[in-house]
Every structure is written in C-alpha cells, then in structure tokens.
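Good morning, and thank you for joining this group meeting. May I ask you to look at the structure on the screen while I describe it?

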Amino acid sequence: MSRLNQFFGSSIGKKFVMAITGILLIFFLIVHLINNLMLFGGPEFFNENVMRLDSIKPLIRVVEVVLALIFLYHIYRGIKLWFENKKANPDKYAINGGKENSTLYSRTMFITGILILVFLVIHLYTLWTKFNFGMEGSEDYFAVIKDLFKNPFWSAFYLVIMIFIGFHINHAFQSSFQSFGWSHKKYTPLVKKIGTLLAIVFAIGFASIPIYFYLISLGGQG
Ligand code: HEM
C-alpha cells in the first residue's frame with residue numbers, strides 16, 4: 001500500500017494518472033462526438049435518440065458524476081504538475097520545455113487546457129442545463145442546438161475552441177503513451193500519427209456542427 005502511495009505521489013505516478021484520466025476523457029469524446037453527429041440525421045432522428053437516452057437517466061447521472069470527477073482530477077493534476085515542473089525546472093524540459101526540445105503543442109498544453117476548462121463551464125451552462133432543466137415540456141432538443149449556433153458569436157467560439165481541443169489531444173495522446181513508459185523506435189511515430197488523426201477527427205467532427213447550423217441559418221432555414 002505504501003509503495004502504491006509512493007508511486008502515485010511521485011512525478012511519474014502523477015503523470016500516469018494524468019495519462020489514464022486523459023485516455024478516459026478521449027473515450028468520452030468519441031461517444032460524445034458520435035451522439036452529436038446524429039444531429040446530421042435531422043430533428044426527428046436526433047430528438048428520438050435523446051429521448052431514448054432519457055429512459056436510462058439514472059445510469060447517465062452516475063456516468064456524469066464519474067465523468068465530472070475524472071475531468072476535475074485531470075484538471076487539478078494538470079495545473080499542479082505544470083506549476084511543480086515550472087518551479088523545479090524553470091528552463092529545462094518539463095511539461096513546458098524550451099523551444100529546442102519541445103513542440104508548439106507540448107508548450108501550449110497548459111493554456112489549451114485552461115481554455116478547454118473555460119469552454120466546459122460555458123458549454124455545460126448553455127447546453128447541459130438547457131437539455132436537463134430548461135426544456136419546459138418541449139421535446140425539440142434539435143432546436144436548442146440550432147438556435148445556439150444561429151448566433152455567429154457562439155458558432156465562432158465553438159469553432160476556435162475545437163481547434164484548441166485538437167492541439168491539446170494531438171500532444172496528449174502520444175504523451176500518455178510516454179507516461180505509461182511505452183516508447184519504441186518503430187511504434188512511437190505511429191502513436192504520434194494516431195494522436196494527430198484523432199485530434200483532426202475531433203476538431204473537424206465537432207466544428208462541423210456549429211459551421212453547419214450557422215450556414216443553414218444564413219440560408220434562411222434557421
Ligand atoms: C459542437 C460541439 C458540441 C456539441 C454540439 C455538444 C453538445 C452537448 C449537449 C447537447 C450536451 C447535453 C447532453 C445531455 O445532457 O443530454 C453536452 C454535454 C456535455 N458536453 Fe458537449 N458538445 C460539444 C462539444 C463538447 C466538447 C468538445 C466537450 C469536451 C471537451 C464536451 C463536453 C461535454 C460534457 C462533459 C457534457 C456533460 C456530460 C453529458 O451530458 O454527456 N462537449 N454537450
């Protein structure tokens with residue numbers, strides 16, 4: 001037990017927990033993206049799917065609490081690790097290394113992380129609360145999203161944040177493999193490519209939604 005405590009208290013252990021929570025969040029994002037892409041199936045299809053999920057609401061609530069804990073822990077650890085590394089290693093590579101031995105993606109992990117946190121607070125306030133407590137008898141969930149992205153400010157905000165999410169995941173994915181101690185001459189470049197592909201799929205996949213709804217609102221269908 002004390003060995004376990006020692007491990008999780010060590011710098012490697014902390015990075016390990018960051019990596020595990022990060023990978024779990026990537027799984028959440030895959031499911032979330034699939035659910036959101038159902039918007040392209042039209043109002044009936046999307047609303048039916050949201051209502052189908054309503055029948056397993058208690059389970060969803062449990063998943064949401066676990067998810068919130070994972071998010072909070074990941075954010076707390078990320079901020080703490082960044083400050084610890086900055087203090088211990090102001091010049092050398094840590095999380096935020098010098099230009100020579102780090103990429104733009106790794107140097108911006110802290111700032112993209114904070115921006116995603118700000119996004120999450122706003123996102124949950126605007127969409128999650130509306131879906132769960134603000135429907136007032138209506139079952140048109142599709143219209144909530146359509147109304148939000150009619151507004152050029154919200155569409156642009158989501159678009160910019162999705163680029164930062166792409167940046168964050170591009171580095172996070174390969175970095176989590178390093179934290180697990182999995183580094184290989186042949187496979188590490190492949191892991192990097194998979195991370196970049198995931199980042200592009202998330203950024204384009206999520207961004208396609210505000211772009212689509214904004215464009216149809218311009219065409220007078222909003
Ligand atoms: C265009 C992009 C996105 C749209 C349209 C969207 C839409 C939604 C909607 C409608 C909900 C409420 C679902 C419900 O309660 O039934 C929700 C919840 C949530 N979203 Fe998003 N989302 C987007 C991107 C993201 C991204 C990039 C993240 C993470 C960085 C994220 C994180 C969450 C979380 C944590 C919840 C609460 C858990 C849940 O209800 O599933 N979302 N989102």
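Among contacts in the protein between residues at least 6 apart in sequence, those joining residues at least 24 apart make up 73%. Please bear in mind that we are looking at a predicted model.

Let me turn to the overall architecture. The protein contains nine helices and zero strands. Read from the N terminus, the order of elements is accordingly α-α-α-α-α-α-α-α-α. The C-alpha trace spans about 55 × 40 × 35 Å along its principal axes. The protein has 222 residues, of which 18% count as buried.

I should like to consider one pair of helices, α2 and α4. How do their axes meet? The axes of α2 and α4 come within 9 Å and cross at roughly 140 degrees. Angles over 145 degrees would count as roughly antiparallel, and those from 65 to 115 as roughly perpendicular; α2 and α4 are therefore oblique to each other. Their crossing is left-handed. On the side of α2, the contact is made by K14, V17, M18, T21, G22, L24, L25 and F28. On the side of α4, the residues are L67, I70, F71, Y73, H74, R77, G78 and L81. By character, the residues of this contact divide into 10 nonpolar, four polar and two charged.

Next, the surroundings of the ligand. Which residues come nearest to the ligand? There are 19 residues around the ligand, and L127, W128, F131, F206 and I209 come nearest. Two or more residues of the shell are given by each of α2 (11-37), α4 (57-88), α6 (109-133), α8 (152-179) and α9 (187-218). Of these, α6 gives the most, with eight residues. The shell comprises 14 nonpolar residues, four polar and one charged. Helices α2 and α4, whose crossing I have just described, thus both appear again in the list of contributors to this shell.

Finally, I would draw your attention to a single residue, F46, in helix α3, which covers residues 43-54. Is F46 buried or exposed? A residue counts as buried if 20 or more other C-beta atoms lie within 10 Å of its own. F46 has 22 such atoms within 10 Å and is therefore buried. Leaving aside neighbours within four places in sequence, F46 is in contact with M38, L39, G41, Y141 and F142. By contrast, N151 lies 105 residues from F46 along the chain, and the C-alpha atoms of F46 and N151 are separated by 21 Å.

Thank you for your attention.

Definitions and conventions. Residues numbered from 1 in each chain as written. Predicted model: local features only at pLDDT ≥ 70, side-chain atom pairs only at ≥ 80, totals over all residues. Near = placed C-beta within 6 Å. Helix = DSSP H or I, 4+ residues; strand = E, 2+ residues; numbered from the N terminus. Nonpolar A, V, L, I, M, F, W, Y, C, P; charged D, E, K, R; others polar. Axes fitted to C-alpha atoms, helices over the stretch in contact; angles between N-to-C directions. Parallel < 35°, antiparallel > 145°, perpendicular 65-115°, else oblique. Left-handed = near helix turned anticlockwise from the far one by under 90°. Contact = placed C-beta atoms within 7 Å. Buried ≥ 20, exposed ≤ 12 C-beta atoms within 10 Å, placed from the backbone.
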